[in-house]
Amino acid sequence: MVLLVAAVAAVGVGVLGEAVAFDWDEPRLWVPDLVVGWTLLGTGLAAWAYRRDRGTGVLLGVTGLAWFLGFSPATLYLHRGPLVHLIVAFAGWRARSRLDLAAIAVGYAAAVVPGARRSEWATIVLAVGLIAVAGRGYVQARGRAVRDRLSAVQAGSALGGVLIMGAVARMVVPGADAVVPALLVYEVVLCGIAVGLFVRLGTPAPAVVTDLVVELAESRSGTLRDRLAVVVADPTLQVGYWSAGANAYVTDDGTMVELPTAGSGVAATFVARDGSPFAVLIHDELVLRDPLLVDAVASATRLAACHVALQAEVRGQLDELSASRGRLLVAADDERRRLEDTLRHGPQRSLAELTATLAGARGGGPQSADHLHRAQEHLEQAGADLGDLALGLHPRALAEGGLCPALDVLVHGIPCRVLLDVDVQGIPVDLEPTIYYLCAEALANVTKHAEATEARVEVSCRDDAVLVQVTDDGSGGADPAGGSGLQGLADRVQAVGGTLAVSSPVGHGTRLSATLPVQHPVPGVDIPTDARQPTVPPHHEAAPEFAGGRGGAAAEVTLEPALHAPARAARYRLPGRRLVLVVVTGYAVASVGLVVGISTPTTYPAVSSAAAGVFLAGGLALIAIGMIGVWDRASLAVGPVAVALGVVWFAPAWVGWPAGPATLRSVAMVVAPFLLGLLVHLGLAFPAGRPRASRDRVAVVVVYLATGGYSLTRAAVRDPFRDVHCWSNCADNVFLVSTLPGLARALDTAWLGMSVAVGLVLAVKLVRRLRVATRAGRGLTWPVLVPVAVAALGEATYAAALLRDPAEDPSQQQFAAVFLVRALALAALAGGLAWAWRRQRWARRALSALAADLGDAARPGTLSGTLARALGDPGAQVGYWLPAPGRYVDPDGRDLGALDTTGMARTRIERHGVLVAVLVHDPGVTDPRDLPAKIGPATALEIDNERLRAGVLAQVEDLRASRARVVQASDAARQQLERNLHDGAQQRLLAVTYELRLARAAAHVAGDPDAERVLATATDQAHAVVAQLRDLAHGIYPAILTEAGLSPAVWSLADEAALPVEVGRVPEARFPTPVERAVYVLVVHGIDLAARSGADHMRVDVVHADGVLTVTIAPMDRAPEVHVVDRVGALGGQVTLAGGMLSAEVPCG
Amino acid sequence: MRVILAEDSMLTREGIARLLRDAGIEVVAEFADGDALLKEVALTRPDVAITDIRMPPTHTDEGLVAAGRIRQEHPDTGVLVLSQYIEPSYALRLLAERPEKVGYLLKERVFDVAILVDALRRIDDGETVIDPTIVSRLLGRQRRHDPLAGLTDREREVLGLLAEGLSNRAIATRLSVTDRTVEAHITAVFAKLGLAEDPAAHRRVLAVLTYLRDDR
């Protein structure tokens, strides 16, 4: 409704406006005018109503209204205020920077100035300004804002362009002929801008800003290498960290860094720390030559290395956990093997003896025989039970015959048909238990759950992996995450570095396939990062190789805790540079005055105003950029040379000043030839400030000396008045000692010859340098080196022209052409230097910002806080997306589950369209569309760092869980074995003793002393077996721990111990089984250690406080076996040995 | 004598039942778990309840729990606890709860019908019965300062029998000495060990067992 009213109002306003402004007889004028106004108002209304951006809508509408108001000269340009505002602030109405704000203000101010008082020039200046402001916004934009800024640039350029064209047209074409066509073009452009901006507003979003995508800055990835590569403009940059283990530099992904060879154009910058090798940067030799830049890079490297260190630490944790899990599995297997051994040598052997004894028992009467018969039956059953137990503990066939017989035995006990297809070739022995248990567990599942009629086991070794596949035709539907059996298998397989895949569609059987690598994965290379690491060898061990500077420009940086800093920069400050500035400025101003003032043809600039223009442009630009360099040597080291070049360039003007003081003209004459030397200096010294090779330094000095020698000698012997070719200054030479025209001419000829040679050599050398350089190096140096080379060629040509025709004449075409080339080359050189200065400055700023940022962000896990501050929402939370498991984790790697976002806005953070993280924040607090602007490059780096870290931490969590499962699974299995033993063989043996007693009693009654004696022996033997089984059962799993808890179990240990064990306080409460078990195992090992070390007593205390069980065993001077510590570790506890006391803290929930 | 039996292993349960019946002891009922035992005890009030420690459903200490409740709720009914394992803790726990009319024997021992019947009678008479293996384990315990070293062999023997729950008279019979001699030995032992002599036989068992276990 509101919209309709507004639309009608817009139509009305339009018609009204046209009625006031134009005659109806002139549709040629008012129709386009009306169309423009309506377009503006229409797009404004549409933007207001249908797009999410009301600011743009309002500005479009206001522009339209102002357009209709433009019926008098006073209001003709009124619409340009909101129009400029619209373009500069697009999308939205808020200015993004002070410059934008200023531009908008100027736009409004210009709009209210009546048209009559405007000049065409002012229009052109303002139009250029608008384009510049929009362009700047585009250049500085990051992330999603780039698109909006691009639209602004297009709109601004269109508007600016049409304004400039209109102004030019009005200036060129007299009268009013151009007005109407220009107006038409203008109107078309306005419509285009309105429609274009409206379209760019994009599609409407849901009412609440959710699931907004924030694209991170455009750096390819977040690593330090990439950041540095961008900053120093060398995409080939490599960063290597010293690895003591590998005795080489390695990158953070573990690849070895190859050090460059001489002449390859690639250099190595070594970063040392406390005299030890730390890192190396491999880069184009041209890009890192400024010591300040190198310093900054080194600082950034060190700071980033802190991140790498943290990552490495976490990775180390990962490796340790993985190793711990492996150890636990091995320990469990070993123990089962040992128990099996005990079983075989103890109860099973005794059972065989008992069987033999009973086989020899005769007589005693029928009743006795009856009991004896039953005893034998029980005995047989007990023997079978023990056989099963032995198999469950450890398959003997595996130890004795290997995998094949073991699997045969295994398959024998499976009720369904099993096809075995086993090729043991190439399977390492240490993988056999894993393969066996894999098959055993899989087949057990087949019998238990699958109701299969047929199963198939395939084992083969291909290349460097063993493939194990168990398939069945059963009911399927096995859930890898559900049953602990499959989970336990996965853990076991992972522990040897393999992978397990389960495919089990319901009703279509189950396929379980495992790939086990034959070579276990080795932990990654260590990355030295911190002074805490004692393993870094002294530098000299590695140094000899590098000392020769294989990489050409081998710089070395020693890290200091503080960031490079202004204090360093002070060293480069020239004394009295203000004085230099004043003098040189004065000189430049005087030179300008001179050039403008001289009309006699004694100088090139005097020939024409064009010549004067290029002459002044080249010199002034050089002086200006040179002075900037003097002030900011860190960013432009060759500044002084550039200033000198500019000063010397102006010298011929002073020489040719007819009315000038004789001394001045003479000095200028001496100075002028130094131009060539300065060019050589600048060309060879750029960008570092001094020539890199000593050969080059010598060359510069030689050229300067030769020039000085020539110039001074010539001044001493040449009387300009006597010189036939003199043209510029034929009167003054205050240095004249004696007139020797012949010598002067010879000197000139020699000098000119040398100039030709030096110019050509310099040009060739610079071109070669550019050709040899890498792309990065070329990109960095060509804007300076190419103009220097051209200038050098210009000097050579100039000298050659003078050799051919000593009578120099600026008005002659060949000399004029040479002069033009020289002047333009110098102007281009100034431009190139300005560009180089700007670039270097940006690089340094970016670097120090990076370093500072890294310094701030050194503590991981703080990103949430940073983003929360940026958003102004303290409750904001970051969830990192881990694609592999497909879940969100917090910065510490903890699973965030489904990430509850009820009532919260979610902002997806993406990099190149790939989900990186999601930011959950209050929708009301802030507009997340501002986020891209607030996320700086370092934050982007941080997001990546933190995501990597979160990913690794999540792995750590997974591994920790897996380790705990390994312990639990092994304990559960043993508990089951103990129960089987208790319920099976032990009861059978009791029954045997019972029957034997009865048989014996019957024999006694029957009066058969022989039978009675045999039966008495058998009873004793049976009792012995019972006792042995009791010990075995206790070894497999202490029943009292399950039955009665920790305290009785510890007391029981003390009862049986081989040394006096004092049991202090032990809580009577029950704890989770894994906790009780871990403490128990620790005490068992503690007693064992103490007994073996010959201690005369020990004391055990267990204290429960704040959810932690603290176990102390004293005196103790030895650490228990690693797997015992691992067991405690698996529960999140730790074991410490200190002060003759072993203590363990076990969290118990 | 009326006896009730709870044991989850059928072989053992039937074996014991048969032995008892052969010995002329009435087996009122047999069960495989503790809850049923408790209900039946409340119903039939037997003289002694025999129970395994480990029974369904949790296979932990059901038997001990049941024993404790029986002693508490039906003081007239004695309890004999059977176990596969030699655990002094169980004996102490049993005695600590109600130190009379209780017994703790290893399973393999009860198939010796003489031992079983003797134990049941003693329990029925209000004495305590502790398996000799448990006592010998406690006596054999490693100690830093062994107070038992000061005992004579005969005194040590008396201490062991005393810990098994035997009365003075039974000890005298076992050792073929007079009651007086036994009393003298006991006084000497208690004096040497620094134990306060308690005339109540069942309490002194607990005291001795606790003393033997506590290493000070």
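**Exercise 1. A salt bridge in helix α10 of chain A**

At 2% relative accessibility, is A:E340 buried or exposed? Find its salt-bridge partner and place the pair in the chain.

*Solution.* This is a predicted model.
- Step 1: take the accessibility. A:E340 has 2% relative accessibility, so the residue counts as buried.
- Step 2: find the partner. The side chain of A:E340 forms a salt bridge with that of A:R344, at 3.9 Å from N to O.
- Step 3: check the cut-off. A salt bridge needs a Lys or Arg side-chain nitrogen within 4 Å of an Asp or Glu carboxyl oxygen.
- Step 4: place the pair. Both A:E340 and A:R344 lie in helix α10 of chain A, residues 291-359. They are four residues apart, about one turn of the helix.
- Step 5: classify the partner. A:R344 has a relative accessible area of 29% and is partly exposed.

**Exercise 2. A salt bridge in helix α11 of chain A**

Which helix holds A:R374 and A:D370, and how many residues apart are they? Classify both side chains by accessibility.

*Solution.*
- Step 1: locate them. Helix α11 of chain A, residues 365-393, contains both A:R374 and A:D370. The spacing is four residues, about one turn of the helix.
- Step 2: give the distance. Their side chains meet in a salt bridge, N to O 3.7 Å.
- Step 3: classify A:R374. Its relative accessibility is 28%, so A:R374 counts as partly exposed.
- Step 4: classify A:D370. With a relative accessible area of 40%, A:D370 is partly exposed.

**Exercise 3. A salt bridge across chain B**

Which parts of chain B are linked by the pair B:K192 and B:E155? Begin with the distance between the side chains.

*Solution.*
- Step 1: the side chains of B:K192 and B:E155 form a salt bridge of 2.8 Å, N to O.
- Step 2: the pair links distant parts of the chain. B:K192 sits in helix α10 of chain B, residues 179-193, and B:E155 in helix α8 of chain B, residues 153-163. The two are 37 residues apart.
- Step 3: B:E155 is buried at 7% relative accessible area. B:K192 is partly exposed at 43%.
- Step 4: add the chain context. Chain B has eleven helices and six strands. Of its 216 residues, 57% count as buried.
- Step 5: add the contacts. Among contacts in chain B with a separation of 6 or more, 67% are between residues 24 or more positions apart.

**Exercise 4. Salt bridges overall**

How many salt bridges are there over all chains? Name the residues of a network.

*Solution.*
- Step 1: the whole structure holds 42 salt bridges over all chains.
- Step 2: a network of salt bridges links A:E335, A:R338 and A:R974.

**Exercise 5. The disulfide**

Which cysteines form the disulfide, and what is the S to S distance?

*Solution.*
- Step 1: count. The search of the whole structure gives one disulfide over all chains.
- Step 2: identify. A:C726 is joined to A:C730, S to S 1.4 Å.
- Step 3: apply the cut-off. A disulfide is a pair of cysteine sulfur atoms within 2.5 Å.
- Step 4: classify. A:C726 is buried at 17% relative accessible area, and A:C730 is partly exposed at 28%.

**Exercise 6. A nonpolar patch**

Which residues make the nonpolar surface patch of about 480 Å²? Where is A:V173 found?

*Solution.*
- Step 1: the patch is made by A:W121, A:V168, A:M171, A:V172 and A:V173.
- Step 2: helix α7 of chain A, residues 145-172, gives the largest share, three residues.
- Step 3: A:V173 is in the loop between α7 and α8 (179-200) of chain A.
- Step 4: A:V173 is partly exposed, at 31% relative accessibility. Patch residues need over 30%, so A:V173 passes this cut-off.

Terms used
Residues numbered from 1 in each chain as written. Chains lettered and ligands numbered in written order. Predicted model: local features only at pLDDT ≥ 70, side-chain atom pairs only at ≥ 80, totals over all residues. Heavy atoms only, no water. Buried < 20%, exposed > 50% of the residue type's maximum accessible area, 1.4 Å probe, protein only. Patch = residues over 30% accessible without salt bridge, like charges linked within 9 Å, V, L, I, M, F, W, Y side chains within 5 Å. Areas by Shrake-Rupley, 256 points an atom, 1.4 Å probe, with all protein chains shown as cover. Contact = heavy atoms within 4.5 Å.
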